[in-house]
Amino acid sequence: MKQQNDELINFCKEIANKLKRPDEVKKIVTDSNNKSILGGTPWEDTTLTAGYPSLVVLFSELDNWFPSEGWDEIAHEHLLALQNSMMSSGFYQDISLFSGLTGIAFSVRSASKNETRYTEFLENIDQMIITMVDEYCNDLLNKQNQGISPLWVDVISGLSGVGRYLLQVENKAASQVQEKIEKCLILMGNTIEINSTNAVGWYVPNEYLFTDKDKEQYPDGVFNLGMAHGVAGFISYLSLSLIKNPNDKEKKKTIEYMCDWLINKSEYRNYGLCWSSMISYEEEINSINLTSNDTRDAWCYGSAGIGRAIYLAGKATEREDYFDKSKEAFQAIYNRNLNEWRLEGPSFCHGYSGLLQIINRMLNDTNDEFYVSFQEKLVKLILEKYSEKYPFGFVDEEGTNKVTKIGLIDGVTGILLTLLSTIELQNQEITWDYLFLID
């Protein structure tokens, strides 16, 4: 086992060494031949999704695990590149975790060595986030009576992601604005009236759906079940908050309400428990589950992210039945054929790495031997996706389109950190995956 661990560590370090120089990394990713199907090249200087912050997090974590190897100096180089870009682009209006200011703050905090470095920079960013979130919450509290946009409250762009970051910020102002975030999410536990019919408060109207295809398919809106944009993410955030600050009865009640609703939307097929990505307004109002092929076992949508959210709800509320339901979900994933997982390559959001990091957390929390074999299976699947023909060894698979990306959500940094997290390295605490709300 030690030899295997050493080989995996050396493998990840070899790829990380190819990511050392900020200018070279950007040049490779922004090459005109490296086009995403979403349009353009997948690079944005200042985002965790596609820029320097993801590299700062990677090298900061490597420094935590291997403190005598100079990885912190490389993290600093990428942080300087990030600062230079921020200075040239002006004041940042986006507070989101994966595309905005909160992601920048997360990366700086990762590199700060427990807030002993970059303190003024970090304090200034934190204060900007707190001020902007406070105003945002005040505005949002007046908007929820007719449903929500995921962009307001989800993990990727909204308050759940920002709130997870603020759980790490230990000051009074952060705690106060976090209470407002929680109030916004708890209010979604109230029933709202849509088309003269009562519905749960996380209803997403047609106008707030992301794609034209979804708008056409769901003319009366949807209820999003996933971790990235839906109720599983709200459950995870509220559960993590309750674990840190227990004895909040209203929060506990909301978690149980959301979690029971989510469990009620599960289906039994494909070797067991699974969930659709979304259910329509008609399905919810008429209390029917239509058989759908829109199921997957990823972090973003489906049984993996939902299974972890239910586990965290069990941890927060001390509900053993939630633990049992979570284990049932992961057993069903393990038993399914790989093509039924509907995972797209090695990346985190919609690929093998997201499922693996959730399994890493489940193993750490439960010490259940079931997760050991699951972990080994996933590591093998990820390593099989490696190829020396790619600049950084791995690509994101957009169907048949292979794209070099470096971001945590769908790029090589997320893959490397996940692989390294399968190994107990000097008993170091792993914190990089907090931003995915799985711990």
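Aromatic pairs and a buried glycine

One aromatic cluster is formed by Phe330, Tyr334, Trp341, Tyr352, Phe370, Tyr371 and Phe374. The model is a predicted one. Across the whole structure, a search finds 25 aromatic pairs.

One of these pairs is that of Phe59 and Trp71, which is stacked because the ring centres are 5.9 Å apart and the planes stand at 15 degrees, under the 30 degrees that bounds a stacked pair. Phe59 belongs to helix H3 (residues 52-65) and Trp71 to helix H4 (residues 71-89), so the contact between the rings ties together parts 12 residues apart in sequence. Both Phe59 and Trp71 are buried.

Within the cluster named above, Trp341 and Tyr352 make an edge-to-face pair, with 6.3 Å from centre to centre and 75 degrees between the planes. Trp341 lies in helix H16 (residues 338-341) and Tyr352 in helix H17 (residues 352-366), so that the pair links distant parts of the chain, 11 residues apart. Trp341 counts as buried because its relative accessibility is 0%; Tyr352, at 10%, also counts as buried.

Charged side chains also meet aromatic rings. The charged end of Lys377 sits over the ring of Tyr334, 4.7 Å from the ring centre. Over the ring of Tyr434 sits the charged end of Arg164, 4.3 Å from the centre.

Gly411 is found in the loop between strand S9 (401-403) and helix H19 (412-420). Its relative accessibility is 3%, so Gly411 counts as buried. Apart from neighbours within four places in sequence, Gly411 is in contact with Lys405 and Ile406. Lys385 is 26 residues from Gly411 in sequence, and the two C-alpha atoms are 13 Å apart in space.

Key. Residues numbered from 1 in each chain as written. Predicted model: local features only at pLDDT ≥ 70, side-chain atom pairs only at ≥ 80, totals over all residues. Heavy atoms only, no water. Helix = DSSP H or I, 4+ residues; strand = E, 2+ residues; numbered from the N terminus. Buried < 20%, exposed > 50% of the residue type's maximum accessible area, 1.4 Å probe, protein only. Contact = heavy atoms within 4.5 Å. Phe/Tyr/Trp six-rings, centres within 6.5 Å; stacked < 30°, edge-to-face > 60°. Lys NZ or Arg CZ within 6 Å of the ring centre and 35° of its normal.
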